Amino acid sequence: MKKAVIYTRHITYRQYEEPIPEQMRIGEDYAKDHNLEIVGRYADLCVEKQQYYIDFENLKNRCRKKEFDYILICTPLALGRGYNKIKRFENFISKYGIKVIRAYSKQQDLNDLLDALEDAMKYYKSKEVRK
């Protein structure tokens with residue numbers, strides 16, 4: 001049986017995002033349905049614009065030990081907001097033979113896409129205002 005850990009992150013200012021216990025349940029259900037053994041659970045709560053995620057750092061340290069095969073994430077932005085940040089993490093874990101499994105609904109994808117679009121528009125407008 002393949003081994004997996006669940007990593008969740010809840011950002012308090014995003015009201016549509018599932019809270020940590022619900023994300024854990026989604027990850028556990030996914031693992032059960034796909035015959036994965038859960039060997040760890042990691043969760044970070046982002047209040048305001050917190051930049052340091054303790055459990056994310058613990059997860060990265062455990063990746064180096066090669067104790068599991070997969071990381072289940074239950075919200076699209078659990079690994080970060082930017083494409084480069086996510087790719088950098090995925091490249092890091094691939095050195096240890098670990099893969100990310102996205103265990104979330106398409107509705108969450110849509111919500112995060114709309115949120116990213118809103119952020120981009122705010123950024124664009126702030127640049128326009130400064131000109």
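**Packing around helix H2**

Q: What do the buried residues of H2 pack against?
A: In this predicted model, the buried residues of H2 pack against S1, S2, S3 and H3.

Q: Which H2 residues are buried?
A: Asp55, Phe56, Leu59, Arg62 and Cys63.

Q: Where do they sit, seen down the helix axis?
A: The buried residues of H2 fall within an arc of 120 degrees, so they line one face of the helix.

Q: OK, the largest nonpolar core. Which members touch the most others?
A: That core has 21 residues. Tyr7, Leu59, Ile71, Ile73, Leu79, Phe89 and Ile93 touch the most other members.

Q: Which elements supply at least two residues each?
A: Three strands and two helices do: S1 (2-11), S2 (36-46), S3 (70-73), H2 (54-63) and H3 (83-94).

Q: And which gives the most?
A: H3, with four residues.

Q: Is there another core, and what is in it or not in it? Put simply, which residues are among its members?
A: Another core lies apart from the largest one. It has 11 residues, including Met24, Ile26, Ile38 and Cys74.

Q: Back to tyrosine 7. What is it in contact with, beyond four places in sequence?
A: Tyr42, Asp44, Tyr53, Asp55, Phe56, Leu59, Ile71, Leu72, Ile73, Cys74, Ala78 and Leu79.

Q: Switching to cysteines. Is cysteine 63 buried or exposed?
A: Buried, because its relative accessibility is 0% and the cut-off is under 20%.

Q: Cysteine 74, buried or exposed?
A: Cysteine 74 is buried, with a relative accessible area of 0%.

Q: How many disulfides in the whole structure?
A: The search finds zero.

Conventions: Residues numbered from 1 in each chain as written. Predicted model: local features only at pLDDT ≥ 70, side-chain atom pairs only at ≥ 80, totals over all residues. Heavy atoms only, no water. Core = buried A, V, L, I, M, F, W, Y, C linked by side-chain atoms within 4.5 Å. Buried < 20%, exposed > 50% of the residue type's maximum accessible area, 1.4 Å probe, protein only. Contact = heavy atoms within 4.5 Å. Arc of directions from axis to C-beta. Disulfide = S-S within 2.5 Å.
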